[in-house]
Amino acid sequence: MLEALVNAIRLPELRNKILFTGGVLVVVRVFANVAVPGASQLALSQLFNSQALLGLFCLFSGGALSRFSVVAMGLNPYINATIIMQLMTVISERIKEISRDGESGRRRIQRWSRYLTVVLGAGQAYGFTILFQNTSPVILGPLDWFQRLQIVLVLTAGSVMLMWLGELVTEYGIGNGVSLIIFAGIIGRGPQAISSLFSQRSAGGGLADYVPFIIFGVIALVTTAVIIEVQQAVRKIPIQSAQRTVGLKQVHSRASFLPLRVNHAGVIPIIFAISVMFLPTIVANYFQGAPPDTWYHRAAVWVGGNFTPNTANVPMAITYNALYFALTFGFTYFYTAITFEVREVADNLKRYSSFIPGIRPGAPTASYLGAVMTRVTFAGACFLGFITVILPIAAEKISGISQQQMYLGGTAILIVIGVALDTMKQLQTQLVMRQYRGFIR
């Protein structure tokens, strides 16, 4: 890795790309610390310390949501818009045809995703103004329609700006811009979160005070190794290309393989599951401002106190975490089925005169790939459920560090490792391309 970085810095073109990427990430972190006026920082701190699931939302915004900054929503509206457009390519035959039009179709769908980002961002910003007005203590005071409109416009513009900067990094920098912005947000708030955790739990200064950190460090290292293994793991399907004639020349058959990733869905199922699990809390916070003698106020108070992963109500805690695991598991299969269409893969293999040894082309190949992908996805779904639900609970029981204080949880490590691996692969690919180019010259 270090050799690849040194070689990249020596090349002017790659050095400029790395500097551009770093400059954009610095700008993003600056805006993440520019707070929207009128929000109580003390009330924000109390809310995020009491809501573990809200902390995961804050994780994807790089800590900007806990400060209610101008980029508080992060890239969540853009990610949701992209996911919706991917779903529409499966539902709508018209959009599926557009997606197959090559570069022009991709640009057209990307333009629709941007428009949808603005709509989703405005709706989510309005929801946050309602949520923060109905918390205890209140984060935002009474707002007239103009003040509410100002906050909605500022938050929406912040998400659109992050979307634009992410696309600039993807086009002119190194790596995927959206992933790198989320990556920088997680890494950027790490030193402060870890130092505050040390200051809270090591007041005595004795060796016993540091034992939980040592245990947690060992758990983090083991988790990192497991995540790397799973992220890199693939199921190789052997592929044989038939002998064919191209012009006046015969191309001989060759053997290769089709890689099926164990974790094909990435972190998208976790984002889906978080959105669904957080919905009852949003609705409950909205109704907590109702008159105390109403049934929906009592229901909202009950949901706010019991529908959390660390509630004192043990049956509800088990139900909550089981539902969270089931949603993550189910969304892994759902998103994998959308992004990996076995019929399309089978048709492409048939079109290029390739086949799986022992399997007939066409429908039998699609059936075989579907069966293999179902078994492979089972391992990936169990892995995501373990990282998201079981690992934080087990780490809290073993180390004694609560989930609210657990900054580098399984989801954060999964995102950081996934983005780091993908970025290094792209950097090494760029180096190989330039080495071949120099050799040809």
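The legends below describe an overview and close-up views of a predicted model.

**Figure 1. Overall composition of the predicted protein model.** The protein has 441 residues, and 45% of them count as buried. Its secondary structure comes to 18 helices and five strands. Of the contacts between residues at least 6 apart in sequence, 72% join residues at least 24 apart. The exposed surface of the protein is about 22,900 Å², with 65% of it supplied by carbon and sulfur atoms.

**Figure 2. The salt bridge between Glu167 and Arg114.** The structure holds one salt bridge. In this pair, the closest N and O atoms are 2.9 Å apart. The pair links distant parts of the chain, 53 residues apart: Glu167 lies in helix H9 (residues 145-172) and Arg114 in helix H8 (residues 103-133).

**Figure 3. Accessibility of the two salt-bridge partners, Glu167 and Arg114.** Glu167 counts as buried because its relative accessibility is 15%, under the 20% limit. Arg114 has a relative accessible area of 31% and is therefore partly exposed, a class that runs from that limit up to 50%.

**Figure 4. Surroundings of Asn76 in helix H6.** Helix H6 spans residues 76-91 and includes Asn76. With neighbours within four places in sequence left aside, Asn76 is in contact with Phe57, Phe60 and Gln124. The relative accessibility of Asn76 is 8%, so Asn76 counts as buried.

Technical notes: Residues are numbered from 1 along each chain as its sequence is written. This is a predicted model: local features need pLDDT of at least 70, side-chain atom pairs count only at pLDDT 80 or more; totals for chains, interfaces and linings use all residues. Side-chain values use heavy atoms; hydrogens and water are left out. Helices (H or I, at least four residues) and strands (E, at least two) are DSSP runs, numbered from the N terminus. Buried means under 20% relative accessible area, exposed over 50%, partly exposed in between (1.4 Å probe, protein chains only). Contact means heavy atoms within 4.5 Å. Accessible areas come from the Shrake-Rupley method with a 1.4 Å probe; for residues, only the protein chains shown count as cover. A salt bridge is a side-chain nitrogen of Lys or Arg within 4 Å of a carboxyl oxygen of Asp or Glu.
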